[in-house]
Amino acid sequence: MTRLFNDPATFAEDMLAGFLDANSHYVVGVPGGVVRATETPAGKVAVVVGGGSGHYPAFCGVVGHGFADGAVVGNIFTSPSAQEAASVARAAHGDAGVLLLTGNYAGDVMNFGLAVTALRAEGIDARYLGVTDDIASATAEDIGKRRGIAGDFTVFRCAGAAAQEGTDLDGVERVAVKANAATRTLGVAFEGCTLPGADRPLFVVAEGQMDLGLGIHGEPGVSSHEMPTATELADLLVDGVLAEKPAGSSGRIAVILNGLGRTKYEELFVVWKTVAARLAESGHTVVSPEVGELVTSLDMAGCSLTVMWLDDELERLWTAPADTPAYRKGAVPAGAGTRRADDVAGAVARQTIAGDAASQQVAAIVAQGISCIAAQMVNAEHELGRIDAVAGDGDHGRGMVKGTAAAGAAAD
């Protein structure tokens, strides 16, 4: 259970404020999320990642040298708005274009796609890619419908490293597409996660069972299985992922054994012992493995195995230096980059024009109507979240409350 909060409605905002203060050397806040504390240098593509909160270190924890230039931060398990995505991308952008990356979820695809349209209208060359690594969420024939889970990390990492090298926007986009095509993930859950302020998890796993094929937004798995030993779980994950090895791939792989928020590192290492042995037996060479929490789901108990098959380019990028609040690798040049100015709002200036008396009278009625809608959403929040959790991520009530409250404030 998520126990430490003030107001559940402001959990994401409170978290972000603390994160920014603790990591001011790396990041600064902008409307909608965070960007690097240093300016994006001339000629460098900006890589902006994002999605809902609840997944730390994804996504704001990987903003820094060799990784992302910015992260759009939504509410818990909720896609950021198009306005927020455009704001962060605008603030991160230098002069060489921006690539936006998320997992392949309907809200993210829609809102980040709208952000790209807005940015292009402003003259910024913007592109978007949704990661599709989760082999349990759709068949290989429908790979474009798959979710992005812990494989987000490998794709974001390679795209960010390519941009750090000075690769142009076409090249960074090509790397992201290639990394995505080479990445496969399979995960399991032992217990569901609980949203801040909720008194029960989004889904329940039966005693002595585990769910195979979970999502990272509190979605239950696609099938239930008897709880395995660590060795049996390692076998299941390795067999599942290797069965989807892309044709023509090499034997060199990047591997992540990812904890989802409540599985101890010691447990992960026990599983990794067998995973490493099985991968070696299958003729694969593991390059710079990661065992730990990289893409979490609040307090979910479980883990996932991600494999990215490498070529020379992807291996170079996977092992390149990085320095971010939550992920560091190799040696990064000291003092690189110019510190940002204080004004990093990244917002488009707006002009307010007073309406005439008749317009103001109508506006008052509209504002009152929106206020009534917002009040009804507060009353219905729990039920909307409950029915959403049956097939989705349980965030619909919270999203409707925040959205209608913001609409009411704007109308006022």
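Here is a chat between a visitor and a guide about a predicted model.

Visitor: Let's start with two helices. What makes α4 roughly antiparallel to α5?

Guide: The angle does. The axes of α4 (residues 152-165) and α5 (residues 169-181) cross at roughly 155° and come within 8 Å. Angles over 145 degrees count as roughly antiparallel, so α4 gets that label with respect to α5. The crossing is also right-handed.

Visitor: Which residues of α4 and α5 meet there?

Guide: On the α4 side you'll find Val155, Cys158, Ala159, Ala162 and Ala163, and they meet Val172, Val175, Ala176, Ala179 and Asn180 of α5.

Visitor: How do the residues of that contact divide into nonpolar, polar and charged?

Guide: There are 9 nonpolar, 1 polar and no charged residues in the contact of α4 with α5.

Visitor: On to α2. Why is this helix called mostly covered?

Guide: Count its buried residues: in α2 (residues 82-92), 8 of the 11 are buried. They are Ala82, Ala85, Ala86, Ser87, Val88, Ala89, Ala91 and Ala92.

Visitor: What covers the buried residues of α2?

Guide: The cover includes the strands β1 (27-30), β2 (33-36), β3 (46-53), β4 (70-76) and β5 (98-103), along with helix α3 (106-121).

Visitor: β3 came up just now. What makes Val49, in strand β3, count as buried?

Guide: Buried means under 20% relative accessible area. Val49 has 0%, so it counts as buried. Leaving out residues up to four places away in sequence, Val49 touches Phe59, Val62, Ala68, Gly70, Ala71, Val72, Leu101 and Phe156.

Visitor: Is Lys145 buried or exposed, and how do you know?

Guide: Exposed means over 50%, and Lys145 has a relative accessible area of 59%, so it is exposed. Lys145 sits in the loop between β6 (126-131) and α4. Not counting residues up to four places away in sequence, Lys145 touches Asn104 and Ala138. Lys145 and Met227 are 82 residues apart in sequence, and their C-alpha atoms are 28 Å apart in space.

Visitor: Now the cysteines. How many disulfides does a search of the whole structure find?

Guide: The search comes back with 0 disulfides. As a reminder, a disulfide is a covalent bond between the sulfur atoms of two cysteines.

Visitor: How do you know that Cys193 is in no disulfide?

Guide: Compare the distance with the cut-off. A disulfide needs a pair of cysteine sulfur atoms within 2.5 Å. The nearest cysteine sulfur to that of Cys193 belongs to Cys303, and it is 15 Å away. Cys193 therefore has no partner for a disulfide.

Visitor: Why is Cys193 called buried, and why is Cys372 called partly exposed?

Guide: Cys193 has 0% relative accessibility, which is under 20%, so it counts as buried. Cys372 has a relative accessible area of 47%, which falls between the 20% and 50% cut-offs, so Cys372 is partly exposed.

Visitor: What about Asp299: why does it count as buried?

Guide: Asp299 has 8% relative accessibility, under the 20% cut-off, so the word buried fits. Asp299 is in the loop between β12 (290-292) and β13 (301-309). Neighbours within four places in sequence aside, Asp299 is in contact with Met1, Thr2, Gly192, Cys193, Thr194 and Arg262.

Visitor: Leu298 lies in the loop between β12 and β13 too. What is there to say about the phi of Leu298?

Guide: Phi of Leu298 is near 55°, a positive value in a residue other than glycine. Most residues other than glycine have a negative phi. With a relative accessible area of 16%, under 20%, Leu298 is buried.

Visitor: And Ser288: what is its phi, and why is it called partly exposed?

Guide: Ser288 has a phi near 45°, a positive value in a residue other than glycine. Its relative accessible area is 29%, between 20% and 50%, so Ser288 is partly exposed. You'll find Ser288 in the loop between β11 (285-286) and β12.

Visitor: Last stop: which peptide bond leading to Pro57 is cis?

Guide: The bond from Tyr56 to Pro57 is cis, with omega near 15°. A cis peptide bond also joins Ala58 and Phe59, with omega about 10°. Pro57 is placed in the loop between β3 and β4, and Phe59 lies in the loop between β3 and β4 as well. Most peptide bonds are trans.

Note on methods. Residues are numbered from 1 along each chain as its sequence is written. This is a predicted model: local features need pLDDT of at least 70, side-chain atom pairs count only at pLDDT 80 or more; totals for chains, interfaces and linings use all residues. Side-chain values use heavy atoms; hydrogens and water are left out. Axes are lines fitted to C-alpha atoms, for helices over the stretch in contact, and angles run from 0 to 180 degrees between N-to-C directions. Helices (H or I, at least four residues) and strands (E, at least two) are DSSP runs, numbered from the N terminus. Angles under 35 degrees count as roughly parallel, over 145 as roughly antiparallel, 65 to 115 as roughly perpendicular and the rest as oblique. A crossing is left-handed if the near helix is turned anticlockwise from the far one by less than a right angle, and right-handed if clockwise. Contact means heavy atoms within 4.5 Å. Ala, Val, Leu, Ile, Met, Phe, Trp, Tyr, Cys and Pro count as nonpolar, Asp, Glu, Lys and Arg as charged, and the others, Gly among them, as polar. Buried means under 20% relative accessible area, exposed over 50%, partly exposed in between (1.4 Å probe, protein chains only).
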